[in-house]
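Hi there,

Here is the structure I promised to pass on. Have a look at it first, and then read on for what I found.

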Amino acid sequence: MSQAAPPTELRNPRTADIDTLESGDVLRLLLEEDARAVEAARAATGPLALAVDAAHRRLAAGGRVHYFGAGASGRLAVLDATEITPTFGVARELFTAHFAGGAAALTDSSIDREDAESLGEADAQALGPGDVAVGITASGSTRYVAGALRAAGAGGALTVLITCNPDAPLRDLAEILVVADTGPEALTGSTRLKAGTATKVMLNAFSTALMIKAGRTYGNLMVGLVATNAKLAERAVSLLMEATGAGAEACRSALAEADGAIPEALVRLLTGCSATEARAALGAHQGVRAAVAALSHPAERGRAQ
């Protein structure tokens with residue numbers, strides 16, 4: 001018996017006549033479908049939270065996150081992984097995106113390796129018990145992802161599947177299944193649309209929540225950002241001003257004394273501690289908030305001096 005087509009491959013009755021409409025109505029329909037995709041992603045919050053908590057425990061023990069995908073799903077995973085370092089100031093190796101076919105296939109869609117299960121196995125071969133393997137596939141059936149999840153699970157890694165198919169054929173390969181049931185696409189089978197929107201939302205939420213739990217923010221401020229250009233350098237100053245109420249010059253001075261390290265500058269401005277104390281507190285505690293709390297305790301502060 002042939003396998004039923006995934007929901008993402010079915011025809012959408014709401015957009016059946018989309019080619020007869022004026023541009024404004026075409027856009028309205030496309031964006032309405034995208035809004036449905038965001039709601040589908042929101043409905044997946046429960047299992048996504050399980051994935052965040054389980055991944056956090058691995059990362060806290062020194063593990064890493066590995067994304068595996070092909071096509072539109074895989075490209076979104078690459079985008080998410082590459083933005084982690086400049087946003088949160090972590091090592092590039094903390095999040096790695098593996099794309100079916102490698103760098104050449106990433107920019108050339110004619111190189112299609114999504115059916116290469118053995119390639120997925122090879123790409124995930126080195127993963128171990130400290131790692132997290134996240135397979136991303138709208139249909140839930142991509143063979144490259146199947147190979148990666150199977151190899152990662154055999155190595156003891158946490159396995160997560162993010163999909164838009166509630167009946168994903170690969171569901172049994174994942175310890176945690178995260179489904180955004182986006183249904184038929186506005187253009188039949190074009191998963192760069194609704195499924196792509198839901199996938200991006202879920203990946204962004206997953207990685208951001210992980211970094212928040214790791215103490216890489218202070219409230220909703222990106223204290224781990226790396227100021228690689230003039231715009232970001234000014235953003236760092238504005239961030240410190242917002243978090244502390246200090247003036248621009250005081251914030252610039254604190255940044256300079258911290259060699260541009262925002263967390264250290266922030267801890268110093270919030271507590272009045274020395275550079276040595278700030279550095280020691282951040283090394284011993286997870287995040288700015290925990291470091292500030294520790295320095296507010298006299299005994300802890302004495303040990304940091």
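Right after α6 comes Gly156, and its phi is positive, near 95°. Please keep in mind that this is a predicted model.

α6 itself covers residues 143-154. At 1.5 Å a residue, its 12 residues should span 16 Å, and the end C-alpha atoms are 16 Å apart, so the two agree. Buried in this helix are Tyr144, Val145, Ala146, Gly147, Ala148, Leu149, Ala151 and Ala152. What covers them includes four strands and a helix: β1 (65-69), β2 (95-99), β3 (132-136) and β4 (158-163), together with α5 (117-123).

Two of those strands are worth a look of their own. β1 and β2 run parallel and are joined by 5 bridges, with Gly69 standing opposite Phe99 in β2. To get from β1 to β2, the chain passes through helix α3 (residues 71-88), and this β-α-β crossover is right-handed.

Next, α1, which takes in residues 23-43. Its 21 residues should span 30 Å at 1.5 Å a residue; the end C-alpha atoms are 31 Å apart, which agrees. Leu29, Glu33, Ala37, Ala40 and Ala41 are buried in α1. These residues are on the same side of the helix, because they cover an arc of only 130° around the axis. Gly24, Leu31 and Arg42, on the other side of α1, are exposed. And what do the buried residues of α1 pack against? Their partners are α2 (45-60), β5 (176-179) and α7 (194-213).

One more residue to click on is Asp259, in the loop between α9 (248-257) and α10 (262-271). Asp259 has a phi near 55°, a positive value in a residue other than glycine. Its relative accessibility is 74%, and since exposed means over 50%, Asp259 counts as exposed.

Finally, the chain as a whole. The protein chain has 13 helices and 5 strands, and its C-alpha atoms fill a box of roughly 70 × 50 × 35 Å along the principal axes. Of its 305 residues, 45% are buried. The chain exposes about 14500 Å², with carbon and sulfur atoms supplying 52% of that area. Among contacts between residues at least 6 apart in sequence, 65% join residues at least 24 apart.

Happy browsing, and best wishes!

Terms used:
Residues are numbered from 1 along each chain as its sequence is written. This is a predicted model: local features need pLDDT of at least 70, side-chain atom pairs count only at pLDDT 80 or more; totals for chains, interfaces and linings use all residues. Side-chain values use heavy atoms; hydrogens and water are left out. Helices (H or I, at least four residues) and strands (E, at least two) are DSSP runs, numbered from the N terminus. Buried means under 20% relative accessible area, exposed over 50%, partly exposed in between (1.4 Å probe, protein chains only). The expected span of a helix is 1.5 Å times one less than its number of residues. Contact means heavy atoms within 4.5 Å. The arc is that of the directions from the helix axis to the C-beta atoms. Two strands pair if DSSP finds at least two bridges between them. A crossover is right-handed if, with the strands pointing away from the viewer, the path from the first strand over the helix to the second runs clockwise. Accessible areas come from the Shrake-Rupley method with a 1.4 Å probe; for residues, only the protein chains shown count as cover.
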